[in-house]
Amino acid sequence: ADAGDLVNNRNGLLRNAGVVTAAGLVTNGGAILNNPGGLVIAGTGWANLGTGALTNRAAVRVAAGDFTNSGDVTNIAAGQLRVLAGNFVNQAGGVVVNTALIATPAGSVFNNTGGLFTSSGTVLAGVSFENASIANMSGVLNTPSVVNTSTFNVLGAGLAGPVTTFSNNAGAFTNLAGNFTGITTFDNRGTLTATGVRTLGAGTFNNLGTGLITLAGNNRVTDQLTINGNYAGTLGAAGVTGIGLDITLNRLTGQRADLLVINGGAAGASFIAFRDINPGQRAIFDTPIDVVRVNGGAGLTLNTGAPGGLIPGLSGGFFNYFLRESTPGVFQVVSQFNSGAVVGVASGVSGVVTALQAGFHQPASAIISRPDNCSPNQFMGGPFIRFSHGTTDVKYGSVGQGPGAAFNAAGKTDSRFSGFQTGLDAGICNIA
């Protein structure tokens, strides 16, 4: 059948088993079932309204104009939804489910704010795939450019390119619940998360000044992200950019932290922060904890935000933890007993003893004085009582030593004392 403009109003049903060619605009507010027929739109595009639903198991070809959707599009089975010269635009309220093929060979796929785009099939965008809402992706994504400004989820089945450039913009999230491969360059200005053991196949991964790779937050230390490519870091703000990992410090061996593996070279600098999943439970261990491994060797600088690699969020009391590059490209967390804390306690005890000595063990002359007329070897004596009151301030310092740096701690003990002494004073006068 041939038509000019094709309008399917609300509550309308168009069931196509043959070929429908529209020379104008297709406006759908009802339901269109394209199975197993073909829809050819040769005019100004397709508008799927909020009440519209398209279920496609065959072929839809939009030869001119855009395909816009604010309703439901289900492209399944052998469905091929091709927008030959324009864009596929999923607008606010639009829901797209694709298990087959959506293609815009000369245009882009837009998932605008308020849209939901889910694909386990193939998406081919000749210009770009741009996500400003929620995109749940697996299968194949073939495009020169991905721009994510909201939430881009890679589902468990995984997602494969080719993607020339993936831009995860500031404030955006790319969440890896599956592997994502076939990327030439990944520019991370937002947050990249990974759960489980995941692979990101990116020839170059640029972790820029606002970018964060985090495996932390799920109270597990078994997560691992492998970047199959080179890594370049740009130092941003401590604690909120760089690399974030879960760690536990209460075990002596085994896997005790999330692990980032870079299967290429690495350059630049990044902050690294740790989240202790068992706070307050600490140990001194002989076997270091692997946290970052660069198989391409040295070149990356990881900054904990404290001198000498001290990890402030983990260290305290009798336990200090440091980040150390034990061999080129292998970064580990090591432990050390903080002797400075012991020195501080000992200094405090010493201060108390000094106060007691100063207050009560005072050298003094005899309370019973020599009589005016003293016979040879005359014995004399009598009882005494003495009162004492005052304060003693003791200031002290302690020094701890870590890998590559020493650190100082100052302390002060204020002692207030009062009391009395009593006893017997005796002596011999004019010893002959």
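**View 1. Contacts and overall make-up of the chain.** Among contacts with a separation of 6 or more, 40% link residues 24 or more positions apart. This is a predicted model, and its chain has a mean pLDDT of 87, with 86% of the residues at 70 or more. As for secondary structure, the chain comes to 1 helix and 38 strands. Of the 432 residues, 45% are buried. The chain's accessible surface adds up to about 18,900 Å², and carbon and sulfur atoms hold 56% of that.

**View 2. Strand β6 and its two partners.** Here we zoom in on β6, which covers residues 31-34. One face, with I32 and N34, is covered, while A31 and L33 sit on the uncovered one. On one hand there's β3 (residues 13-16), which pairs with β6 in the parallel sense over 4 bridges. Look for N16 here: it stands opposite N34 of β6. β6 also pairs with β9 (residues 53-56), again in the parallel sense and over 4 bridges. In that pairing, L33 has T55 of β9 as its bridge partner.

**View 3. Strand β16, buried whichever way its residues point.** β16 spans residues 101-104. L101 and A103 point one way, I102 and T104 point the other way, and all of them are buried. β13 (residues 80-83) runs parallel to β16, and 3 bridges join the two. One pair to pick out is R82 with its bridge partner A103 in β16. β16 also pairs with β19 (residues 122-125), in the parallel sense and over 4 bridges. In this second pairing, I102 stands opposite V123 of β19.

**View 4. F129 and what surrounds it.** F129 belongs to β20, which runs over residues 128-131. Its relative accessibility is 0%, so F129 counts as buried. Setting aside neighbours within four places in sequence, F129 is in contact with V109, F117, V123, A135, M137, L141, T143, S145, V146, V147 and F152. V163 is worth finding as well: it's 34 residues from F129 along the chain, with 9.7 Å between the two C-alpha atoms.

**View 5. A202 and its contacts.** You'll find A202 in β26 (residues 197-207). With a relative accessible area of 0%, A202 is buried. Not counting residues up to four places away in sequence, A202 touches I183, T184 and F186, along with I227, N228, G229 and N230. A202 and Y231 are 29 residues apart in sequence, and their C-alpha atoms are 9.2 Å apart in space.

**View 6. The salt bridge between D223 and R220.** The chain has a count of 2 salt bridges, and this view shows the one where the side chains of D223 and R220 meet at 3.7 Å, N to O. How buried or exposed are D223 and R220? D223 has 0% relative accessibility, so D223 counts as buried. R220, at 40% relative accessibility, counts as partly exposed.

**View 7. The salt bridge between R275 and D246.** The side chains of R275 and D246 meet in a salt bridge at 3.3 Å, N to O. R275 is in β32 (residues 266-276) and D246 is in β30 (residues 242-247), so this pair ties together parts that are 29 residues apart in sequence. R275 is partly exposed, with a relative accessible area of 35%. D246, at 0% relative accessibility, counts as buried.

**View 8. A nonpolar patch on the surface.** Three residues, I284, F318 and F337, make up this nonpolar surface patch, and together they have about 270 Å² of accessible area. Where does F337 sit? F337 is in β36, which covers residues 330-337. F337 has a relative accessible area of 46%, so F337 is partly exposed.

**View 9. A low-confidence stretch, residues 401-405.** What happens to pLDDT over residues 401-405? It stays under 50 there. For this stretch the model has 12 contacts beyond four places in sequence.

Definitions and conventions
Residues numbered from 1 in each chain as written. Predicted model: local features only at pLDDT ≥ 70, side-chain atom pairs only at ≥ 80, totals over all residues. Heavy atoms only, no water. Buried < 20%, exposed > 50% of the residue type's maximum accessible area, 1.4 Å probe, protein only. Pairing = 2+ DSSP bridges. pLDDT = per-residue confidence, 0-100. Contact = heavy atoms within 4.5 Å. Patch = residues over 30% accessible without salt bridge, like charges linked within 9 Å, V, L, I, M, F, W, Y side chains within 5 Å. Areas by Shrake-Rupley, 256 points an atom, 1.4 Å probe, with all protein chains shown as cover. Salt bridge = Lys/Arg side-chain N within 4 Å of Asp/Glu carboxyl O.
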